[in-house]
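Here are my notes for you. Keep the structure open beside them and check each point as you go.

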Amino acid sequence: MKLLALPAFIDNYIWMLHDGREALVVDPGEAAPVIEALQTHGLRLSGILVTHHHGDHIGGVDALRNVLHGSVYGPARERIPAPSIPVSDADTLAWNGLRFEVMEVPGHTAGHVAYWCPDMDGAPLLFCGDTLFSAGCGRLFEGTPSQMSTSLARLAALAGNTRVCCTHEYTQSNLRFALTVEPGNAELAAHARHCDALRRQGRPTLPSTIALERAINPFLRCREPAVAAAARQRDPSAHDAVAVFAALREWKNEFR
Ligand SMILES: [Zn+2]
Ligand SMILES: [Zn+2]
């Protein structure tokens with residue numbers, strides 16, 4: 001099975017899985033990059049997964065129905081272009097011999113879901129939309145810091161070799177923030193250099209892995225003393241992990 005990151009808009013990726021015949025896409029914010037990939041590789045579109053209701057994730061769904069032989073799956077708690085199959089926590093779905101488990105991960109939006117495939121060609125795969133980014137996380141548009149912390153903790157508990165497919169190429173700016181929070185993290189500094197090199201070559205920094213994110217992502221590291229101390233510089237009242245998370249998120253919102 002091939003995993004492709006189709007660039008869309010300025011910094012979105014539409015993830016595509018295909019086996020040379022059948023294709024599945026995740027969060028098609030626009031149809032054109034998907035149509036082009038289907039034609040280039042001679043594929044039939046047979047599934048669409050949607051993580052949440054934002055326009056840059058659903059904008060291409062209606063146009064793709066003309067070529068879709070299969071279903072659109074989307075979060076039960078959000079408005080997704082109809083007809084779609086509503087999915088909730090712990091639901092499972094099958095596509096082309098792969099099994100996906102649905103995880104509700106509220107915070108960025110109220111009904112955001114992630115899709116976790118326990119095994120594709122020997123390692124798990126996660127489509128996490130705008131919840132977990134490499135070295136960062138989504139903004140809290142509809143959820144609370146407590147909800148987002150819980151959602152991120154669930155994702156962080158997945159197997160370390162899980163490939164993390166986020167929807168946005170925000171990694172370099174996230175890494176600048178992460179290095180400000182945790183300047184002494186050598187693995188983080190090394191990964192920032194690696195991503196700078198990838199971007200100079202026009203290559204995606206994704207997929208990441210859960211093991212890497214545990215080591216470099218400040219939003220998954222709220223219990224690390226260095227991260228908590230940095231958050232307390234901004235908000236001295238940030239005593240527990242959720243308050244540290246909230247302080248980091250506020251700080252990142254203003255960070256340039
Ligand atoms: Zn979003
Ligand atoms: Zn987005």
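1. Is F177 buried or exposed? F177 is buried, because its relative accessibility is 0% and the cut-off for buried is under 20%. Bear in mind throughout that this is a predicted model.

2. Look next at the partner of F177. The rings of F177 and F255 form an edge-to-face aromatic pair. Their centres are 5.2 Å apart, and their planes meet at 70°. F177 belongs to helix α5, while F255 sits in the segment after α9, so this pair ties together parts 78 residues apart in sequence.

3. Now take F219 and F245. They too make an edge-to-face pair, with 5.7 Å from centre to centre and 70° between the planes. F219 lies in the loop between α7 and α8, and F245 lies in helix α9, so the pair ties together parts that are 26 residues apart in sequence. Both F219 and F245 are buried.

4. Step back from single pairs. The count of aromatic pairs comes to 7. One aromatic cluster is formed by F177, F219, F245, W251 and F255.

5. Helix α9 deserves its own check. It runs over residues 241–254, which is 14 residues. At 1.5 Å a residue it should span 20 Å, and its end C-alpha atoms are indeed 20 Å apart, so the two values agree.

6. Which residues of α9 are buried? They are A241, V244, F245, A247, L248, R249, W251 and K252. Cover for these buried residues comes from elements including β12, α4, α5 and α8. In an α-helix there are 3.6 residues a turn, so residues three or four places apart point the same way.

7. Turn to the metal. Which residues coordinate the zinc ion (ligand 2)? D56, H57, D130 and H168 do, at 2.1 to 2.4 Å. The two aspartates give OD atoms, and the two histidines give NE2 atoms. In sequence the donor residues follow the spacing D-H-x72-D-x37-H.

8. Why is the arrangement around the zinc ion (ligand 2) irregular? Its 4 donor atoms subtend angles of 86 to 163°. A tetrahedral site needs all angles between 85 and 135 degrees, so the 163° angle rules that label out.

9. Two of these donors are worth a look for exposure. H57 is buried, with a relative accessible area of 0%. D56 is partly exposed, at 22%.

10. A last point on the metal site. The zinc ion (ligand 2) lies 3.6 Å from the zinc ion (ligand 1). D130 coordinates both.

Methods. Residues numbered from 1 in each chain as written. Chains lettered and ligands numbered in written order. Predicted model: local features only at pLDDT ≥ 70, side-chain atom pairs only at ≥ 80, totals over all residues. Heavy atoms only, no water. Helix = DSSP H or I, 4+ residues; strand = E, 2+ residues; numbered from the N terminus. Expected span 1.5 Å × (residues − 1). Buried < 20%, exposed > 50% of the residue type's maximum accessible area, 1.4 Å probe, protein only. Contact = heavy atoms within 4.5 Å. Donors = N, O, S within 2.8 Å, 3.2 Å for Na, K, Ca; no water. Tetrahedral: all angles 85-135°; square planar, octahedral: opposite > 155°, others 65-115°. Phe/Tyr/Trp six-rings, centres within 6.5 Å; stacked < 30°, edge-to-face > 60°.
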